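Trainee: I'm new to this one, could you walk me through it? I'd like to begin with the aromatic side chains.
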Amino acid sequence: MKKIDDNYNFQDAYLKMMEAKEHHRTIEEIVCDLKKELVPVKEESFLIHAMRLILELDAKKDSPLYTHLQSPMRQTLYLIDVYYSIDMREESVDMDGERWQRIAILLDEIEMTYFVNIGFPNDGDLYHDERDEKIEVSLPTFMGYFSNAVLSYEEQTLDRIVRYLKPYDGYIKSRCGFGIDEALKFIMHVRELNNGKLNSICQPFADNLHFYSAHPEEWYKLTQKFEERGLDDPRDWWHQPELRGMLDSLTTNPGEVAVHESKELMNVDIAAESLCQILKFFSYDKDSQKGKTVYYAGKHHSESNPLIPVGGKYICPCSKFLFEGLFFRLDDMLIKDVPTKKYKQNKDFAFEKKVAEVFRTFFPEKAKIFANYSLDGISENDLLVIIGNTCIIVEIKDCKFREPFRDPLKAYDRIKRDYQNAIQLGYDQCRRVEKVLLDGKDVDILDADDKKKVLYHLKNGNISEIWSIVVTDFKYGTIQTNLGNLLEKDEDALYPWSVCIDDLEAFFLLMKKILKGIAPSRFLEFLDYRERLQEHIVCGDELEICGWYLNDREQFKEYADKDTVISTDYNMGAIFDAYYHVGLGFKSELDLEYKKYYKIPDYPRSFELNELNGDIIERWK
């Protein structure tokens, strides 16, 4: 399954928040009303509806299911935990449209109430001093952290599992009762079950529709047959054998593709003991939430334990959640356990290797790329790319970003500390290299492990442009896309580009796919205009900015030079999912055997820019 985009529209959220500010209730009051709506709903009906919300996210723009939801993925996962927090459920009715709309309104109210409490902590007013500037950082960071699902492709999480966790396979087996390969085989089995059921439901409709659209004369012949059978009412035609599959497709709730019998789930070539432990590892503990007040801003059990048993069946969500549940829980375990105390250090090395691979794959062989180098014989730096007369300095940071506090002023201090340990530190290291390269002297590039070894002699006269990039393993949201919020730098220095490795990899893959041989030179142009966007861009997902450049390069360049605050739109990043549909180019891309038969779906290619103004600019400038 592709990257699930729950990208946040900050402008819409802000306007909603301003409205909610005037009449908001406590979180506990809203959760109480939410539970009242959920008490009578049957468990399987509720879960099928929840799975539908996840599976149909692609259609959220035009679907009434999402009318009131800003963060449907996050809100659905939260709702599952709220459902299982109810002490006594009646389970007397199915989920229906009217009830769902009431629930969706309450979910929206909960989200907006959180943001009001953080954005306006001073009894609904502003402080009118430097504390407002802190809130301007805390609020969008909090919104991004708690409103978005993990914005990455399954292949990228799979790569982390193999790259970081697989070397500890023996230890994981001793602690959890299963190995990494066994867990991955199980996830792929669930994936095949879901895809198989989806195809069995949707394919008959698609095949018949395609056939009769292409051959209208055959449709005429078929309707003549129906009339010969005495079926004059077209509504009766759906029940005939020739169209039965189409009726099943139209009447089946899409969420049902995630429901499987236990025997189906167990029908996989994994040792019985290991399979039992895998099921235990992924299964949702329904008693863990019972009787609790579940808060929206927090970790949700449904994310870490996404496999939900219901009677003799299992609700099996999209494999994205299984990949992520496996990685994040085992990653956390290996960081905390004493016997694996070197895990973080080894993970950092593996991450640096990953980033270097991404750059080496993108740039042509004539580019000179140096990893783990030194310019002064003392300090060590991560990566230097020399292509033509351009130097690209790359620093790599795998630092944990802690959950923001609810108190916006305390949140600011924590956010800034984590930012300084990652993006700021990476930039400072880049800046030191910049100063050496700008000093007007020739430079020896040394091997950091053997500083007497000269890897390359760089003549200063050959340098015309220098760019700095800070690559992170975590997505920091608006404080990363707009470095003007927190980055400390010399007034005359250029901003670096800070980007998560997942976004960088996807951007490089699509640039090469679309632009072929000119991709590296276009990337250098992108760095130039991307730097100019700093200080006047509001964006929670860097791929929106990258997609904007790929879709409408001239408009991107025009607005980069405008002195106006710009808010991006999630449609700008749709180009990545469109190409993923036919194969983006990941090393071990899933479903390639099917993707080769697909066509690129339509996606937005031009945009009306949101130029923020008035009160919004005051909050987002």
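Trainee: Which residues form the one aromatic cluster?
Mentor: In this predicted model, the cluster is made up of F359, F362, F363, W497, F507, F508, F523, F526, W548, Y549, F556 and Y559.
Trainee: And how many aromatic pairs does the structure hold?
Mentor: There are 37 aromatic pairs, and one of them is Y153 with Y580, a tilted pair whose ring centres lie 4.6 Å apart with 35 degrees between the planes. That pair links distant parts of the chain, since Y153 belongs to the loop between α6 (130–147) and α7 (154–165) while Y580 is in helix α23 (residues 574–580), 427 residues apart.
Trainee: Is Y153 buried or exposed?
Mentor: Y153 is buried, because its relative accessible area is 1%, and Y580 also counts as buried, at 3% relative accessibility.
Trainee: Back to the cluster, then: how are the rings of F363 and F508 arranged?
Mentor: Their planes stand at 80 degrees, with the centres 6.3 Å apart, so the pair is edge-to-face. This pair too links distant parts of the chain, with F363 in the loop between α16 (343–362) and β4 (368–374) and F508 in helix α19 (residues 501–515), 145 residues apart.
Trainee: What lies over the face of Y580?
Mentor: That is K595, at 3.5 Å from the ring centre, and elsewhere R329 lies over the face of F281, at 3.8 Å from the ring centre.
Trainee: Changing topic, where is K400 found?
Mentor: K400 sits in the loop between β6 (390–397) and α17 (408–437), and K400 is exposed, with a relative accessible area of 63%.

Notes
Residues are numbered from 1 along each chain as its sequence is written. This is a predicted model: local features need pLDDT of at least 70, side-chain atom pairs count only at pLDDT 80 or more; totals for chains, interfaces and linings use all residues. Side-chain values use heavy atoms; hydrogens and water are left out. Helices (H or I, at least four residues) and strands (E, at least two) are DSSP runs, numbered from the N terminus. Buried means under 20% relative accessible area, exposed over 50%, partly exposed in between (1.4 Å probe, protein chains only). Rings of Phe, Tyr and Trp (its six-membered ring) pair if their centres lie within 6.5 Å; planes under 30 degrees apart count as stacked, over 60 as edge-to-face and the rest as tilted. A charge sits over a ring if NZ of Lys or CZ of Arg is within 6 Å of the ring centre and within 35 degrees of the ring normal.
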